Amino acid sequence: MESGRLCLLLCLLHNTGTITYTESGRLNCGQHYNAAGGRRNIHNATCKFPLGRRAPCDIYWHGVSFHDNENIVSGQVNKFPGMIEMLRKINLSRAVRTMQELFPEEYDFYPRSWILPEECQQFSTQIRMVKENDASVNPTFIVKPDGGSQGDGIYLIRDPSDLKLMVGSQAKQAVVQEYIQRPLLIDKLKFDIRLYVLLKSLEPLEIYIAKEGLTRFCTEPYQEPSQKNLSHVFMHLTNYSLNVHSGNFVHSNSQSTGSKRSLSSVLYRLAAKGVDIKKVWSDIIALVIKTTIAVVPELRVYYQAEIPPGKPGPTCFQILGFDILLMKNLKPVLLEVNSNPSMRIEHEQEMAPGVFEYVPSPVDEEVKVGVIRDTLRLMDPGHKRTSISNLRAGGLDHGEEIPMEAEPQDRSPDEGALPSLCLKQVYPKYTKQFNYLRLVERIAALFIRFLGVKGNMRLGPTAFRTFIRTCKLSNSNFSMASVDILYIDITRRWSGTMADSREAGMGLQAFVEAFFYLAGRRFKSQPLREQVASLLELCEAQLETPPPGGEERRSVSCSRALPRSIRTQTLPNPQLSSPGPLRRAASQDYRLHQRLKPRSLRANLEN
Ligand code: ADP
């Protein structure tokens, strides 16, 4: 590995906030915020500080968000605009729920969730009904603050009356979720999996999964929740940041023992007990692809608002941290996705009372070095061939059940000296198996097409009318007056109390709701996903025909065409399950796009 690249790798692994770049294959790193002062000298000896540079860079490595470094007009940035917002607990729950409405069976890997405060009433009513129907059912719920991380503010409840709804005079934004009561245990301990995933590109969609991951163990033997043990965080929460403070936490030099282990060591252990780990791994891959498909539509809206077509801008990629729980029956469950997973390869240790030092963490090093190294290799502008992703050595190959297509194995000449990739491409590799799920993305493509004004993320009433007219969705049964009422009704419910006037209008999720409604009106007798697919086909067909009226031509002329790869897909499985009706209650007040001030966030949290 050439020195610049090695330097970047070191910077990233020892730091929590770094701006780095590569120029013509050369990599430099910038600000260092880590506490390990000794390391800083090493970096300064080999790295350049990019402040004041005029020349563009090939790769910009931001510590927190896309906006860390403004005015980038070329190259690649390691963060997507909107990713932090999309992966907040409420927005992720909404995105998955939309997919659950269309594909309930495919998206059953996410625990049932309610958004607080607006769905508090629904939550209470539903739980009361469940208990009334069967007195022996005694579910537990986990409440997670919307912007929380590292287990902060999380608590378990058994009754809706135990919800803590207010902070001072303000309603708490949170997700309350069905608690998985029977997780798979190892050594009697609950654990979860941290998997690193590279979202290499949105369009075309390219997803890579690290073959090696981490498992984080609780430090108190697990018992199913009871009123007595609900507050035992070391028993119920697997967060490293919490358990490291337990007297039982074990730092181990071995990757197969201690409170943080490699995923492969856990899978080997399960395999030795006869578990079909190929199936487990294949289910995990499917979970990652499906979750990514759920968040991509909104990410595309953010992306076009930040970098509208025609405006020079960078392309983006991002390493994400998927947190996954295995149930006792080995089914993987998605807990959350971290937009800023920690890449630290050392941990703090108390050497003597009150004296802390950073010491290497072999298991973190084993997993994370490969992830960053491979990300750089894949994003290297000189790396033109994507097919090397199929190389298989390096780390455990867990095998997979998702049928594979043969791909040529190939390496670019300068990669000969590097270890084989640990990041494995799963999309577009498994396009055939998962492309049919990308319905909402097609709705997002329509939405973007009618947004009109560059940088906009919301549709105004005129643009919504234009969409209806252009796609010929109004008729004698559904007049333009009804269209206006639909727009006002849905937009009011979704935007509710948004004070910021820039946020006025119909956001993507509201548009999706309107689209589902229109699809239901038009294709009454079909299941929702068929209704939506049929309406999409109808709209897309209309948009391919040159619009007859000048007004409509003007209003759509500034927009991008729909991506063909998505548009041409067909539903492969004719045996569709019947999805439930639209579940959004009319009284709900959805808050979309709650913008954070990215700089106020903590970088690269160790979860
Ligand atoms: P945070 O971002 O604060 O870490 P998580 O959603 O990751 O929030 O939850 C923290 C921990 O709580 C997880 O690591 C897991 O151990 C536990 N947990 C979260 N959701 C569930 C659930 N639905 N069922 C069981 N355990 C859960």
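1. A good place to start is the ligand: 23 residues surround it, and Lys144, Gly151, Thr238, Asn239 and Glu336 come nearest (a residue is near a molecule if one of its heavy atoms lies within 4 Å of it). Please keep in mind that this is a predicted model, where local features need pLDDT of at least 70, side-chain atom pairs count only at pLDDT 80 or more, and totals for chains, interfaces and linings use all residues. Residues are numbered from 1 along each chain as its sequence is written, and side-chain values use heavy atoms, with hydrogens and water left out.

2. Three side chains make polar contacts with the ligand that you may like to look up (pairs of N or O atoms within 3.5 Å). Glu336 places a polar side-chain atom 2.6 Å from a ligand oxygen atom, and Asp192 has one 3.4 Å from an oxygen atom of the ligand. For Gln177, the partner is a nitrogen atom of the ligand, at 3.0 Å.

3. On its own the ligand has 550 Å² of accessible area, and the protein covers 100% of it (Shrake-Rupley method, 1.4 Å probe). The ligand takes up the space of the largest cavity; a cavity here is a set of points, on a 1 Å grid over the protein atoms alone, where a 1.4 Å probe fits but cannot get out.

4. Which elements give two or more residues to the shell around the ligand? They are strands E6 (141-145), E10 (174-178), E12 (189-201) and E18 (332-338), where strands are DSSP runs of at least two residues and helices of at least four, numbered from the N terminus. By class, the shell holds eight nonpolar, nine polar and six charged residues, with Gly counted among the polar ones.

5. Now to the rings: the structure holds 17 aromatic pairs (ring centres within 6.5 Å). One of them, Trp114 with Phe141, is edge-to-face, at 6.0 Å centre to centre and 80° between the planes; edge-to-face applies to planes over 60 degrees apart. This pair links distant parts of the chain, as Trp114 in strand E5 (residues 113-116) and Phe141 in strand E6 are 27 residues apart.

6. Some backbone details deserve a look. The Leu116 to Pro117 peptide bond is cis, with omega near 10°, and Pro117 sits in the loop between E5 and helix H5 (120-133). Another cis bond runs from Glu203 to Pro204, with omega near 5°; Pro204 is in the loop between E12 and strand E13 (206-210).

Terms used: Polar contact = N/O pair within 3.5 Å; in protein donor to acceptor, adjacent residues only side chain to side chain. 1 Å grid on protein atoms, 1.4 Å probe; cavity = no way out; pocket = protein on both sides within 12 Å on 5 of 7 lines; lining within 4 Å. Sits in = over half its atoms within 2 Å of the grid points. Phe/Tyr/Trp six-rings, centres within 6.5 Å; stacked < 30°, edge-to-face > 60°.
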